[in-house]
Amino acid sequence: MYLSRFLSIHALWVTVSSVMQPYPLVWGHYDVCKTQIYTEEGKVWDYMACQPESTDMTKYLKVKLDPPDITCGDPPETFCAMGNPYMCNNECDASTPELAHPPELMFDFEGRHPSTFWQSATWKEYPKPLQVNITLSWSKTIELTDNIVITFESGRPDQMILEKSLDYGRTWQPYQYYATDCLDAFHMDPKSVKDLSQHTVLEIICTEEYSTGYTTNSKIIHFEIKDRFAFFAGPWLRNMASLYGQLDTTKKLRDFFTVTDLRIRLLRPAVGEIFVDELRLARYFYAISDIKVHGRCKCNLHATVCVYDNSKLTCECEHNTTGPDCGKCKKNYQGRPWSPGSYLPIPKGTANTCIPSISSIGTNVCDNELLHCQNGGTCHNNVRCLCPAAYTGILCEKLRCEEAGSCGPDSGQGAPPRGSPALLSLLAALLGTAGPLGI
């Protein structure tokens, strides 16, 4: 009853979402971990795959700049307006709140008018390169669900690399290169995401699309997540089953949208011309007013909630799993190898619940909620299952002839296990016979 009600509400929500916005809520099906259903044997728990909501992940990050003293204002300095190199009466002063531009202003939600922004020192040491690394760290594995968007208060840099880490900053891989001239800057032919396909979606490209200096509406840089989803789910992301199927079976694709850290490498500020004007170096600097990163905690489809406590994100693991990413079975619940939940079948996925170890079941072998005796077996004082002659196992889950290796068409025991479809589905989830193998 509750499951059917949930599915009806879900179907209505998907319909409304598709009308109200061009893109549905990405990866939004798996927000329930379990529900009670009624079977011939009574109420049982039906376990589902689940994951936390997608949210603005900049609320939880830590930012680090390298070099650490690259922020303007200590000592105070003047800089020129980007559009007018002769207007050089702007001041950056770290000791005066109204004139300071610290790193946290890249993520503030209610800033000063007209806008708040972080700003680097000017290129006063030219021809030495003006380079800055901005590292965003979560101390937690997260899955990206929307485009990364960086808004510059100054002109967009002539050269920049967006990098990612999957091991908390120990190693880095390029995500995308940005340049006014890709061939000159990185020895790469320029491309855009539109030039990619399902087969090349993991290709690391250099784009010139976001690197013009001073033109109108030229402040934003994107790393396109949704356009990559669209190669599998269609232009309006309506065929999510296709995307889920790919994510389930292709570890490299899952890892592509997964990070623990991001790094923005600013290599050359917006010059706006071929040559640097050495007489007006105060016009060259970096300034970022906003960074947006939308995603969710990676919990391997074993948690609906990710809590932020003591400056740390943690999955509240379900399905008898544990660990920062719900990446292993709890102690005494290792009756089969741990596996991530599965996105399929839509809409509830497959939970791949960890089940009790045989050695840990102890005196409570069976009960009336999770551990039902299967295939006509009866629970005797919660101590053991009394199995029909053809079945064996802790929960009467196996054909006796299978253990002996004698099942066959003439054995009289080649039929599949008996029981209600709902109960057999639960047994399949418990014993790991449903859903894909873990990758």
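Let me begin with Arg-228, which counts as buried because its relative accessibility is 0%. What we are looking at is a predicted model, and I would like to walk through a few of its side chains with that in mind.

Arg-228 has a charged partner, since Glu-224 forms a salt bridge with Arg-228 in which the closest N and O atoms are 3.9 Å apart, and that separation still qualifies because the rule asks for a side-chain nitrogen within 4 Å of a carboxyl oxygen. Glu-224, for its part, has a relative accessibility of 5% and therefore counts as buried too.

How many salt bridges does the count come to by this rule? The count is 14, and one of them joins Lys-348 to Asp-46, with 2.8 Å between the closest N and O atoms. Lys-348 sits in the loop between strand E20 (328-329) and strand E21 (378-380), while Asp-46 belongs to strand E2 (residues 42-47), so this pair ties together parts that are 302 residues apart in sequence. If you look at how accessible the two partners are, Lys-348 is partly exposed at 24% relative accessibility, whereas Asp-46, at 11%, is buried.

The loop between E20 and E21 also holds Asn-352, and here I would ask whether Asn-352 is buried or exposed. With a relative accessible area of 3%, Asn-352 is buried, and a polar atom of its side chain lies 2.7 Å from the backbone oxygen of Pro-340.

Let me turn now to the helices, starting with helix H4, which covers residues 240-249 and whose buried residues include Met-240, Leu-243, Tyr-244 and Leu-247. Gly-245 and Asp-248 are also among the buried residues of H4. Against what do the buried residues of H4 pack? They pack against helix H3 (226-233) and against H5.

Helix H5 spans residues 251-256, and within this helix Asp-255 and Lys-251 stand four residues apart, which means that about one helical turn separates them. The side chains of these two residues, Asp-255 and Lys-251, meet in a salt bridge with an N to O distance of 2.6 Å, and Lys-251 is partly exposed, with a relative accessibility of 40%. Elsewhere in the model, Glu-163, Arg-263 and Arg-265 are joined into one network by salt bridges that share partners.

To close, I would suggest keeping two pairs in view as you turn the model: Glu-224 with Arg-228, and Lys-348 with Asp-46, whose salt bridge ties together parts that are 302 residues apart in sequence.

Key
Residues numbered from 1 in each chain as written. Predicted model: local features only at pLDDT ≥ 70, side-chain atom pairs only at ≥ 80, totals over all residues. Heavy atoms only, no water. Helix = DSSP H or I, 4+ residues; strand = E, 2+ residues; numbered from the N terminus. Buried < 20%, exposed > 50% of the residue type's maximum accessible area, 1.4 Å probe, protein only. Contact = heavy atoms within 4.5 Å. Polar contact = N/O pair within 3.5 Å; in protein donor to acceptor, adjacent residues only side chain to side chain.
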